[in-house]
Amino acid sequence: IFGGYTTETYTDQAYTKDACAMKKNPVNFPLSIVMEYNSIAIDSLREGLSLNGAIDLDSVFLLMPMNVQEKVLFSKSSVKVEDVLKILKLESVNPNGKKKLRKGQERFFEQILPELLKEKANEVRGDTDFLSAFLSFCTGSRYLPNRTQINDEDDNDKEMFSITVEFDKMKITDGNEETIAMNGLPMAHTCDNVLRFPYHGYMGKGFKDDRTAAKVLAEKLDTAVWNCYDQFSMT
């Protein structure tokens, strides 16, 4: 029994009542009800893709590499810098209440990093552009999904896909002494779509030298992205 109804007697009234809730979080509903609720859409999708069985989709997809299927079926046709910038989100944690440090990190995130990505948007090595390689470094996939936002029940945009930018006290050991790596390479955690930079964002402890920070970032990000490209992917 679910919401006063059994799966056999789940009526149009119940569909209407729980439509928003089901769209928002279908995992809270029994699979049979979710499938029944979406049966018209599923049947239409099946008929549209295969012309109601006239086309053997298995044979079609067997001839297509997985990375091609991913791009054709689930991704945007190209990676644009404005789309990449939209999905970058700054971590919300304030570093121990240090306002100067936080302002420096925000300036790095809002100015230095976007400017570099714009500069490198047209860079290509072989058959791969930098932005695709950057996405692969951060997420494991070189493409952006067709939809990165959905509208919630209050008609507000809700993020479906994003890359979180964090700043970390990357530590290195020199002999017996451990220090913070001011100029370490960026790191990524593809399972969580996290991109991590050194604590001071290559600007030094004074946060005054944006020009040097941009130059160091360009070198470090370039090294990290291209050296990791095609070493791991979701395809």
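This passage walks through the fold, the core and a few individual residues of a predicted model. In this model, local features need pLDDT of at least 70 and side-chain atom pairs count only at pLDDT 80 or more, while totals for chains, interfaces and linings use all residues. Residues are numbered from 1 along each chain as its sequence is written, and side-chain values use heavy atoms, with hydrogens and water left out.

To start with the whole chain, it holds 9 helices and 10 strands; helices (H or I, at least four residues) and strands (E, at least two) are DSSP runs, numbered from the N terminus. Of its 235 residues, 35% are buried, where buried means under 20% relative accessible area, exposed means over 50%, and partly exposed is in between (1.4 Å probe, protein chains only). The accessible surface adds up to about 14800 Å², and carbon and sulfur atoms account for 51% of that; such areas come from the Shrake-Rupley method with a 1.4 Å probe, and for residues only the protein chains shown count as cover. As for contacts (heavy atoms within 4.5 Å), take those between residues at least 6 apart in sequence: 62% of them join residues at least 24 apart.

Next come the strands. Two strands pair if DSSP finds at least two bridges between them. Strand S6 (residues 163–168) pairs with strand S1 (residues 88–90) in the parallel sense, over 3 bridges, and isoleucine 163 of S6 is the bridge partner of leucine 88. S6 also runs parallel to strand S10 (residues 194–198), with 5 bridges joining the two; here threonine 164 stands opposite valine 194 of S10. In the loop between strand S9 (187–189) and S10 sits asparagine 193. Most residues other than glycine have a negative phi. Asparagine 193 has a positive phi of about 55° although it is not a glycine, and with a relative accessible area of 14% this residue is buried.

On to the core. In soluble globular proteins, nonpolar side chains tend to be buried together. A nonpolar core here is a set of buried Ala, Val, Leu, Ile, Met, Phe, Trp, Tyr and Cys residues joined through side-chain atoms within 4.5 Å. The largest one has 38 residues, and the members touching the most others are Phe108, Leu113, Leu117, Phe134, Phe197, Leu217 and Leu221. At least two residues of this core come from each of helix H6 (81–87), helix H7 (99–119), helix H8 (130–139), S6, S10 and helix H9 (210–228). Leucine 117 gives a feel for the packing: leaving aside neighbours within four places in sequence, it is in contact with Val81, Val84, Leu85, Leu88, Phe130, Leu131, Phe134 and Leu221.

Helix H8 deserves its own look. It is mostly covered, with 10 of its 10 residues buried, among them Phe130, Leu131, Phe134 and Phe137. At the start of H8, a side-chain oxygen of aspartate 129 reaches to within 3.2 Å of the backbone nitrogen of leucine 131. This is a polar contact, that is, a pair of N or O atoms within 3.5 Å; within protein, one must be able to donate a hydrogen and the other to accept it, and residues adjacent in sequence count only if both atoms are side-chain atoms. Threonine 139 belongs to H8 as well, and at 7% relative accessibility it counts as buried. Polar atoms of its side chain lie 2.7 Å from the backbone oxygen of leucine 135 and 3.0 Å from the backbone oxygen of serine 141. Just after H8, glycine 140 takes a positive phi of about 90°.

What about cysteines? Cysteine 138 is buried, with a relative accessible area of 0%, whereas cysteine 228 is partly exposed at 38%. A search of the whole structure turns up 0 disulfides (pairs of cysteine sulfur atoms within 2.5 Å).

Finally, two lysines. Lysine 86 lies in helix H6 and is exposed, with a relative accessible area of 58%. Its C-alpha is 9.4 Å from that of isoleucine 163, although the two residues are 77 apart in sequence. Lysine 220, found in helix H9, counts as buried at 18% relative accessibility. Setting aside neighbours within four places in sequence, lysine 220 is in contact with Asn183, Gly184, Leu185, Pro186 and Tyr202. The C-alpha atoms of lysine 220 and glycine 184 are separated by 7.7 Å, with the residues 36 apart along the chain.
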